[in-house]
Amino acid sequence: MPRLITSILSLLLAVQLSSCRSQEEQHAEYFVFGTLVEVVVRDTNEQLAARAFGDLQQRFQAMHRDLHAWEPGALTRINQAFSEGRSVTVPPGIQTLILRSQELEVLTGGRFNAALGAMIELWGFHTSQYPVRGPVPGAPVIQLLLDASPSTADIVIEDGMVHSTNPAVQLDFGAIAKGFAVDLALDILAEYGIENALVNAGGDLKASGGSADWPWTIGIRRPGGGVIGGVEITGSEAVFTSGVDQRFLEHSGGRYPHILDPLTGMPVKGVASVTVIAGEALLADVAATALIVAGRDSWLEVAHALGLNEVLLIDDQGDIYLTAEMNDRLILSPGLKIELNIVD
Ligand code: ADP
Ligand code: MG
């Protein structure tokens, strides 16, 4: 009998504990980068959280302004200078993004190419209004841009100034900026002494400071709706997903996703989504996009070139492929009957 009482008591305590715990969390929401960004912090007093949230608001807005590919700002000024062969000053954040983009273009075998802005614009993807209504650009115009072979390797940074040796280079940070911003947001929170936090930019997120008994639990989305399952984050990790189901051009019954294969100038085919877990959000963001471009044949090879082991790919038939390391992390949704193809 006493044992029963003890277990009822501990059950009550557990319930109590979890309801207290949700009160230990504080939330803020921002609308930036065309998406809702949710920030959750734990174990922080209200005043400190409010100050940090205010700071984040300003930093997010500044990044939105500086990194936007088509709204006039720092990046459009740089792109204008590139097309005219001029040299201009480059803010530190953009400088970092150029250097990382150069490195990652090489590591992904050119599948991630942040100099592809003109091709992305040609397809109508410099917009917030999806779906884009056709028509599909003509093959000769696409070929013209391909022949100009824009690459971030054409960009030269010297003494705080930047220029491009190739006028066809137009920077588009659409596949890297969100990751950069999420990393920075957690760094800013850490400067306030807030080490236990989650920054979620529309399902692309990074968390830090979770513990084994109170991890951050993240759902992994399935294209077309629902979740496959979840992962628990205890250290500092990012989970990013790129998919083709939300942003695309639609014309004559055909769907053309907003992720382009830099080799062909054409939208990707064959893959519905890729989810990547990495220590750095910037890397996870780039990788998710680059692995969609790599497709069924090369995704694993490119993941390994990037030093990544926790990857999941869903093809256009809905078939799921994942690494053994990702399989170890995945907690499948209860009752979900799906076949997982573990590859190595
Ligand atoms: P989302 O922002 O919808 O999660 P991604 O992270 O995959 O999607 O980024 C897609 C964006 O990246 C596109 O809208 C475009 O701006 C840019 N982009 C498309 N294809 C490439 C590519 N091959 N390399 C680099 N950037 C790309
Ligand atoms: Mg991406």
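This is a walk through a predicted model, from its metal site to its pockets, salt bridges and backbone details.

Start at the magnesium ion, ligand 2. Its protein donors are Asp285 (O), Asp285 (OD) and Thr289 (OG1). They lie 2.2 to 2.5 Å from the ion. Aspartate 285 thus appears in the donor list with O and with OD. Both residues sit in helix α8, which spans residues 281–305. They are 4 residues apart, about one turn of the helix. Are these two residues buried or exposed? Aspartate 285 has a relative accessible area of 5%, so it is buried. Threonine 289 is at 13% and counts as buried too. The cut-off for buried is under 20%.

Next come the pockets. The largest has a volume of about 1300 Å³. It is lined by 48 residues. Closest to its centre are Gly174, Ala175, Lys178, Arg247 and His258. Several elements give two or more residues to this lining: α2 (46–67), α7 (177–191), β9 (216–221), β11 (237–243) and α8. Helix α8 is the one that holds aspartate 285 and threonine 289. By class, the lining has 20 nonpolar, 19 polar and 9 charged residues.

The second largest pocket holds about 250 Å³ of space. It has 14 lining residues. Arg255, Tyr256, Pro257, Val268 and Lys269 lie nearest its centre. Strands β13 (254–257), β15 (266–267) and β16 (271–278) each give two or more residues to the lining. Which element gives the most? It is β13, with 3 residues. The class split here is 9 nonpolar, 1 polar and 4 charged.

Now the charged pairs. Side chains of opposite charge can pair when their charged atoms come close. The salt-bridge count for this model is 12. The cut-off is 4 Å between a side-chain nitrogen of Lys or Arg and a carboxyl oxygen of Asp or Glu. Three of these pairs deserve a look.

Take arginine 100 and glutamate 280. Their side chains meet in a salt bridge at 2.7 Å, N to O. The pair links distant parts of the chain, 180 residues apart. Arginine 100 is in helix α4 (residues 92–107), while glutamate 280 is in the loop between β16 and α8. Arginine 100 has 21% relative accessibility, so it counts as partly exposed. Glutamate 280 is partly exposed as well, at 25%.

Arginine 133 and glutamate 250 form another salt bridge, with their closest N and O atoms 2.9 Å apart. Arginine 133 lies in strand β4 (residues 132–133) and glutamate 250 in strand β12 (residues 248–251), so the bridge ties together parts 117 residues apart in sequence. Arginine 133 is exposed, at 57% relative accessible area. Glutamate 250 is partly exposed, at 24%.

Then there is aspartate 245 with arginine 221. Their side chains meet at 3.6 Å, N to O. Aspartate 245 is in the loop between β11 and β12 and arginine 221 is in strand β9, so this pair joins parts 24 residues apart in sequence. Both are partly exposed: aspartate 245 at 26%, arginine 221 at 34%. Elsewhere, shared partners join Arg100, Glu103 and Glu280 into one salt-bridge network.

Leucine 48 offers a long-range contact. It is found in helix α2, one of the elements that line the largest pocket. Which residues does leucine 48 touch beyond its neighbours within four places in sequence? They are Tyr192 and Ile194. Leucine 48 and isoleucine 194 are 146 residues apart along the chain, yet their C-alpha atoms are separated by 8.6 Å. Leucine 48 is partly exposed, at 22%.

Finally, the backbone. The peptide bond from tyrosine 130 to proline 131 is cis, with omega near 0 degrees. Proline 131 is in the loop between α5 (117–122) and β4. The bond from glycine 134 to proline 135 is also cis, with omega near -5 degrees. Proline 135 is in the loop between β4 and α6 (139–147).

Positive phi values occur in residues other than glycine. Phenylalanine 33 has phi near 55 degrees. It is found in the loop between β1 (25–32) and β2 (35–42). Aspartate 43 has a positive phi of about 55 degrees and lies in the loop between β2 and α2. Their surroundings contrast: phenylalanine 33 is buried at 19%, whereas aspartate 43 is exposed at 53%.

How values were computed: Residues are numbered from 1 along each chain as its sequence is written. Chains are lettered from A and ligands numbered from 1 in the order in which they are written. This is a predicted model: local features need pLDDT of at least 70, side-chain atom pairs count only at pLDDT 80 or more; totals for chains, interfaces and linings use all residues. Side-chain values use heavy atoms; hydrogens and water are left out. Donors are N, O and S atoms within 2.8 Å of the metal (3.2 Å for Na, K and Ca); water is not among the atoms, so sites may look incomplete. Buried means under 20% relative accessible area, exposed over 50%, partly exposed in between (1.4 Å probe, protein chains only). On a 1 Å grid over the protein atoms alone, a cavity is a set of points where a 1.4 Å probe fits but cannot get out, and a pocket is an open set with protein on both sides within 12 Å along at least five of seven lines; lining residues have an atom within 4 Å of a point. Grid points are joined across faces, edges and corners, and a volume is the space filled by probe spheres set on the points. Ala, Val, Leu, Ile, Met, Phe, Trp, Tyr, Cys and Pro count as nonpolar, Asp, Glu, Lys and Arg as charged, and the others, Gly among them, as polar. Contact means heavy atoms within 4.5 Å.
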